[in-house]
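The exercises below ask you to work through one structure step by step. Try each task before you read the solution that follows.

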Amino acid sequence: MNKRGHVLNAVLLSIGLGYVLEPSATIETARMMVELLLPVTLGALFPDVDTAFGKHRKTLHNLLVLGIFAAWPIYMGNLNYVWIGIATHYILDVVGSTRGIALFYPLSSTEYNLPVGIPVSSSKSDLVTVLVTILEVGAFAGVLFYVVPEVTAYTAEMGLSIPL
């Protein structure tokens with residue numbers, strides 16, 4: 001995907017996730033959407049910084065970078081939600097484009113993608129971006145409403161608690 005596709009994905013994702021997290025359709029829903037917008041958009045753009053240095057779709061397009069940004073808020077207390085933008089950037093590059101990304105770089109330079117991608121310059125790239133975003137929001141909602149309660153109930157039965 002190109003920069004425009006990543007920004008479109010981030011904006012639509014912020015709206016969708018904001019509504020999933022705060023489904024009341026009130027000012028709180030709008031506040032959640034706005035709270036997500038900037039960090040998710042910054043995260044969605046960050047991996048392409050590697051066009052200025054290193055190897056594009058390798059240096060900043062890998063699971064190590066995603067892991068650092070996912071763990072950062074836990075230890076530093078800031079940069080919340082940036083990892084969501086980075087993760088969705090990767091998803092768009094793997095699912096939506098023909099080239100893919102090197103998920104295990106620097107250990108391996110092999111680029112992974114799905115055979116359903118389209119060229120970045122395609123006139124259908126915005127449509128693919130919207131479709132992938134809908135799938136992302138649906139997957140997030142499914143995990144939030146079905147998986148998290150099951151895991152929470154199971155850990156409670158085992159006498160454990162996980163902070164969610």
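## Exercise 1: The largest pocket

In this predicted model, the largest pocket holds about 580 Å³ of space. Among the 20 residues that line this pocket, L17, W83, I84, F140 and V143 are the closest to its centre.

**Task.** Work out which helix gives the most to the lining of the largest pocket, and how the lining residues divide into nonpolar, polar and charged.

**Solution.** Step one is to list the helices that take part: α1 (3-21), α4 (82-95) and α5 (125-157) each supply at least two residues of the lining. Step two is to ask which of them gives the most, and this is α5, with 6 residues in the lining of the largest pocket. Step three is to sort the lining residues by kind, which yields 17 nonpolar, 2 polar and 1 charged.

## Exercise 2: A nonpolar surface patch

**Task.** Find the residues that make the nonpolar surface patch of about 790 Å², and decide whether I68 is buried, partly exposed or exposed.

**Solution.** The patch is made by L64, I68, W72, I74, Y75, M76 and L79. To place one of these residues, note that I68 lies in helix α3, which spans residues 63-76. The relative accessible area of I68 is 44%, and since partly exposed covers the range between 20% and 50%, I68 counts as partly exposed.

As a contrast, consider F69, whose place is also in helix α3. F69 has a relative accessible area of 17%, and because buried means under 20%, F69 is classed as buried. Along the chain F69 and F104 are 35 residues apart, and their C-alpha atoms are separated by 16 Å.

## Exercise 3: Salt bridges within a helix and across the chain

**Task.** The structure holds 6 salt bridges; for R31, establish with which residues it forms salt bridges, and then find where the partners R57 and D93 lie.

**Solution.** It helps to begin with a general point, namely that side chains of opposite charge can pair when their charged atoms come close. Step one is to take the pair R31 and E28, whose closest N and O atoms are 3.0 Å apart in a salt bridge. Both residues lie in helix α2 (residues 27-45), 3 residues apart, which is about one turn of the helix. Step two is to take the salt bridge between R31 and E35, where the closest N and O atoms are 2.6 Å apart. R31 and E35 are separated by about one helical turn, because they are 4 residues apart in helix α2.

Step three is to check how open these residues are to the surroundings: R31 is partly exposed at a relative accessible area of 40%, E28 is partly exposed at 34%, and E35 is partly exposed at 33%.

Step four turns to R57 and D93, whose side chains meet in a salt bridge at 3.5 Å, N to O. This pair links distant parts of the chain, with R57 in the loop between α2 and α3 and D93 in helix α4, 36 residues apart. Both R57 and D93 are buried. As a last step, return to helix α2 and join the bridges that share partners: E28, R31 and E35 then form one network.

Conventions: Residues numbered from 1 in each chain as written. Predicted model: local features only at pLDDT ≥ 70, side-chain atom pairs only at ≥ 80, totals over all residues. Heavy atoms only, no water. 1 Å grid on protein atoms, 1.4 Å probe; cavity = no way out; pocket = protein on both sides within 12 Å on 5 of 7 lines; lining within 4 Å. Points joined across faces, edges and corners; volume = space filled by probe spheres on them. Nonpolar A, V, L, I, M, F, W, Y, C, P; charged D, E, K, R; others polar. Patch = residues over 30% accessible without salt bridge, like charges linked within 9 Å, V, L, I, M, F, W, Y side chains within 5 Å. Areas by Shrake-Rupley, 256 points an atom, 1.4 Å probe, with all protein chains shown as cover. Salt bridge = Lys/Arg side-chain N within 4 Å of Asp/Glu carboxyl O. Buried < 20%, exposed > 50% of the residue type's maximum accessible area, 1.4 Å probe, protein only.
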